[in-house]
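I opened the notebook to record how the helices pack, what holds the metal, and a few local backbone features. The entries follow the order in which I looked things up.

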Amino acid sequence: MPATDAALSHIPFPPQQPLVGNTLHSLRDFTGLHRRAMAEFGDVYRLRLMGKWRVAFTSAEAVEYILTDPDKLFSNAQGWADALGHVFPNGLMLRDFDDHRLHRRIMQAAFRKPAMDSYLSLMAPELDDLLAEWPVGRRFGFYPAIKDLTLRLGAHVFMGLPADAPEAETLNRDFIDEIASTITVVRKPLPFTKFRRGTQAHARLVGRFHALVEDRRNGTAEDFFSQMCRATDDEGRHWDAQEIADHFNFLMMAAHDTTASGLTTMVWALAEHPEWQERLAVEVAALGDGPMTPEMLGAMPLTDLVFKEALRLVPPVSLIPRRALRAFEWNGIPIPAGSYVSAQIAMVMRSPKHYTDPDAFDPERFSDNRAEDRSHRFAWAPFGGGAHKCIGLHFSTMQVKAFTRALLTRYRVARADTGEVVWKRIPIPQPRGGLPVTLSPA
Ligand code: HEM
C-alpha cells in the first residue's frame, strides 16, 4: 500500500498544480524546483509526480543511506516500476535483493576484461567510420547526431549487426518508442498513446531478441548479445531465452541514452571552453596512430576529468527512485512504510557543501590536489552506488574515450548558436534545440 496523505502530512511540499501536482514543474525546470524547495524546507521534502507523492532526499548522507541500504529497506523494483515496469519488466534494475544478486552475477560475465577488450576493438574502428560521415563546416544538431551514432554503434557492438543494417534502423525506432513511453501522463495502453506505442515496441524487441538466442549461444561471435547468451555465473548457471531477451532489452536502454546524454554535455562544455578542447586534443595526439588499445584508455586522464565534470553538471540519471518496504526515520523525520523515496544525486552534485562555485565548468576540481568529489563518498555519484551501482560504468567511460579520440583526431567543434543552452532534464537530459554545432578540420 502507498503511504497515505495523512501519514506524510508532516513532510513539507512546494505549491502544486491541479491534477498534475509538480509533474510539469519538474519537467520544465528540474533544478529550479528543487533549489526553491531546498531553500524553503531543507534536505527532505515531498513532490507529487506522476500521480504519487515522492519524498526527496537531497543530502549526500541520505543518498548514501538509500543507495547502500544497510537495513534492506528499499525496493528498486517498486521504485522504478511506475516509469519502467511496462517496457523493462525483468531488467536488472527492476529486481531486488537475492534475486537481483543472482542475475547481476551472470551479467557480470559480459563485463569481464577480455569481453571489454573485444568491445573496444569492435567499437573504435566503427566510431571512426561513423564520424567520417559527419558534415564539416555545416551546422547540425549534435544531440540527434550522437543519438543516431550511439544507437548504430550499439547495433554493432551490442548485437553484432553492421552499423548501417536496415534492421538497426527499426530496432532504434522501437527503443525510442519504449523510452518515450516511460514518462507520459497516460499510463494505460489506450489507442494512439505513447504508452501503447511503448508496449508494442517492447513486444517486438523482446520477440526479436528471443528468436536470436539459440544461434548466438552456439556461435563464437564477440558482440555483447552473444556474450550474454553464453554468460554463466561461477556455478555454471545461465539464463533462458526469455531472460536473455528481457535483460538485453533493458541493457540497450540503460546503455545508449545515458552515454549519448553524457557525451552531449561533454561536447557542449568543450565547445564553450576551447582551451579544454585543445588540452584534450593534445592528450589524444600523444596517444599516437594506430588502432585504439586498452592501454590508451589509461593514458587519457584529462578526458577523465572532463567527463566527470560533465556528469556532475548534467547527470544522465538525475534522481534514483526507491520504495520503502518498512517505516524508517531520517534525521528525526518519520518516513512511513510504502513511501516512494528518491535519492537526488543531481542536487548533491550541485551542492555548495561539496563543490566550489558548483554551477561552473571546472574539471580541475577533480584533480588530486583539490579532489572536491572526495568530500563525501556520495558527493559524486552519477552512476549510483550500492548493489545496483551502474554495471556499465567502465563500458561508458571506454566509449567516451574512444569517441573523444576519434572526434578530436579529425575535428574541432564549435557551437553554431550563441545564448544559454537549456536542458530538458527528465527522463534523460537533452538540450532543447538539439545543440547545433559546426565542425572544422583539426
Ligand atoms: C554515462 C553513462 C551512464 C550513466 C550516468 C549510468 C547511470 C546509472 C545509474 C545511476 C544506475 C543505478 C540505478 C539504480 O540504482 O537504481 C545504473 C544502473 C545500470 N546501468 Fe548504467 N549508466 C550509464 C551507462 C551504462 C552503460 C553503458 C550500460 C551497459 C553497457 C549500463 C547498464 C546499467 C545496468 C544494467 C544497470 C542496472 C544495474 C543493477 O541494477 O544492478 N549503464 N546506471
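At what angle do the axes of helix α7 and α11 cross, and within what distance do they come? I noted before starting that the model is a predicted one. For helix α7, residues 142-157, I found that its axis and that of α11 come within 9 Å and cross at roughly 145 degrees, and that α7 passes α11 in a right-handed crossing. On the α7 side I listed Phe-142, Tyr-143, Ile-146, Lys-147, Thr-150, Leu-151 and Gly-154, which meet Met-252, His-256, Asp-257, Ala-260, Leu-263, Thr-264 and Val-267 in α11. Sorting the residues of this contact, I had eight nonpolar, four polar and two charged.

I then turned to α11 and its packing against α16. Helix α11 covers residues 241-272 and helix α16 residues 393-410, and I read an angle of about 45 degrees between them, with the axes 11 Å apart. That angle makes α11 oblique to α16, and the crossing in which α11 passes α16 is right-handed. From α11 the contact takes Thr-259, Leu-263, Met-266 and Val-267, and from α16 it takes Ser-396, Gln-399, Val-400, Phe-403, Thr-404 and Leu-407. I counted six nonpolar and four polar residues in the contact of α11 with α16, and no charged ones. Leu-263 and Val-267 of α11 also appear in my list for the contact with α7.

Next I checked the pair α12 and α14. The axes of helix α12, residues 274-285, and helix α14, residues 301-313, come within 8 Å and cross at roughly 145 degrees. Here I recorded Trp-276, Arg-279, Leu-280 and Glu-283 of α12 in contact with Pro-301, Leu-302, Thr-303, Leu-305 and Val-306 of α14. These residues divide into six nonpolar, one polar and two charged.

Which protein atom is a donor to the iron atom of the ligand? I found the SG atom of Cys-390 at 2.3 Å, and Cys-390 is the only protein donor. I placed Cys-390 in the loop between α15, residues 345-349, and α16.

For the aromatic rings I obtained a count of 26 aromatic pairs. The one I followed up joins Phe-13 and Trp-53, whose ring centres are 4.9 Å apart and whose planes stand at 55 degrees, so I entered the pair as tilted. Because Phe-13 lies in the segment before α1 (23-28) and Trp-53 in strand β2 (residues 52-57), the pair ties together parts that are 40 residues apart in sequence.

Last, I looked at the backbone. The peptide bond from Ile-426 to Pro-427 is cis, with omega near 0 degrees, and I located Pro-427 in the loop between β10 (423-424) and β11 (430-431). I also noted Asn-331, a residue other than glycine, with a positive phi near 50 degrees; Asn-331 sits in the loop between β6 (328-330) and β7 (333-335).

Definitions and conventions:
Residues numbered from 1 in each chain as written. Predicted model: local features only at pLDDT ≥ 70, side-chain atom pairs only at ≥ 80, totals over all residues. Heavy atoms only, no water. Axes fitted to C-alpha atoms, helices over the stretch in contact; angles between N-to-C directions. Helix = DSSP H or I, 4+ residues; strand = E, 2+ residues; numbered from the N terminus. Parallel < 35°, antiparallel > 145°, perpendicular 65-115°, else oblique. Left-handed = near helix turned anticlockwise from the far one by under 90°. Contact = heavy atoms within 4.5 Å. Nonpolar A, V, L, I, M, F, W, Y, C, P; charged D, E, K, R; others polar. Donors = N, O, S within 2.8 Å, 3.2 Å for Na, K, Ca; no water. Phe/Tyr/Trp six-rings, centres within 6.5 Å; stacked < 30°, edge-to-face > 60°.
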